[in-house]
Amino acid sequence: TAAEASVLKIKAKILSALLEKIKRQRLTQTQLARVLDDYQPNISILLNGKISKVSIEKLLYYAHRLRMHADIRMKPEAGSRKVRVA
């Protein structure tokens, strides 16, 4: 569905930012497990890009642990009407 596609797109963007930060810091899986305060199998899932197995909340938690700031913005779809509240 369109909603599921939206979630996957958001997850992919967060994952891409995480992986770039991890690559720049040259962290091993063991180091990363310690930094992210998570188990090695979960770190492997992250590093292998299996985003369907990781929640947005977990990705944002990882971002926080890596000292990254998340900024989420919402905008209406192109051509959609403004919502009015009476």
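In the predicted model, Arg24 and Glu20 both belong to helix α1, where a separation of four residues places them about one turn of the helix apart. These two residues form a salt bridge, in which the closest N and O atoms are 3.8 Å apart. Side chains of opposite charge can pair in this way when their charged atoms come close. Over the whole structure, the search returns three salt bridges, the one between Arg24 and Glu20 being among them.

Helix α1, which spans residues 2–25, also takes part in lining the largest pocket, to which it contributes six residues, the largest share of the lining. The space in this pocket amounts to about 800 Å³. Its lining consists of 20 residues, of which Ile10, Lys13, Asp71, Ile72 and Arg73 are the closest to the centre of the pocket. Helix α4, covering residues 56–65, is likewise represented, since α1 and α4 each supply at least two residues of the lining. When the lining residues of the largest pocket are sorted by class, 12 are nonpolar, two are polar and six are charged.

The packing of the helices was examined next. Two packed helices are described by the angle between their axes and the distance between the axes. For helix α2 (residues 29–36) and helix α3 (residues 40–47), the axes come within 9 Å and cross at roughly 105 degrees. Because angles of 65 to 115 degrees count as roughly perpendicular, α2 and α3 are assigned to that class with respect to each other. On the α2 side the contact involves Gln29, Leu32, Ala33 and Leu36, which meet Gln40, Ile43, Ser44, Leu46 and Leu47 on the α3 side. The residues of this contact of α2 with α3 comprise six nonpolar and three polar residues, with no charged residue among them.

Helix α2 also packs against α4, the axes of the two helices coming within 9 Å and crossing at roughly 100 degrees. The arrangement of α2 relative to α4 is therefore roughly perpendicular. Here α2 provides Arg34, Val35 and Leu36, while α4 provides Tyr61, Tyr62 and Arg65. By class, the residues of the contact of α2 with α4 divide into four nonpolar and two charged, and no polar residue is present. Leu36 of α2 thus appears in the contact with α3 and in the contact with α4, and α4 in turn supplies at least two residues to the lining of the largest pocket.

Key
Residues numbered from 1 in each chain as written. Predicted model: local features only at pLDDT ≥ 70, side-chain atom pairs only at ≥ 80, totals over all residues. Heavy atoms only, no water. 1 Å grid on protein atoms, 1.4 Å probe; cavity = no way out; pocket = protein on both sides within 12 Å on 5 of 7 lines; lining within 4 Å. Points joined across faces, edges and corners; volume = space filled by probe spheres on them. Nonpolar A, V, L, I, M, F, W, Y, C, P; charged D, E, K, R; others polar. Axes fitted to C-alpha atoms, helices over the stretch in contact; angles between N-to-C directions. Parallel < 35°, antiparallel > 145°, perpendicular 65-115°, else oblique. Contact = heavy atoms within 4.5 Å. Salt bridge = Lys/Arg side-chain N within 4 Å of Asp/Glu carboxyl O.
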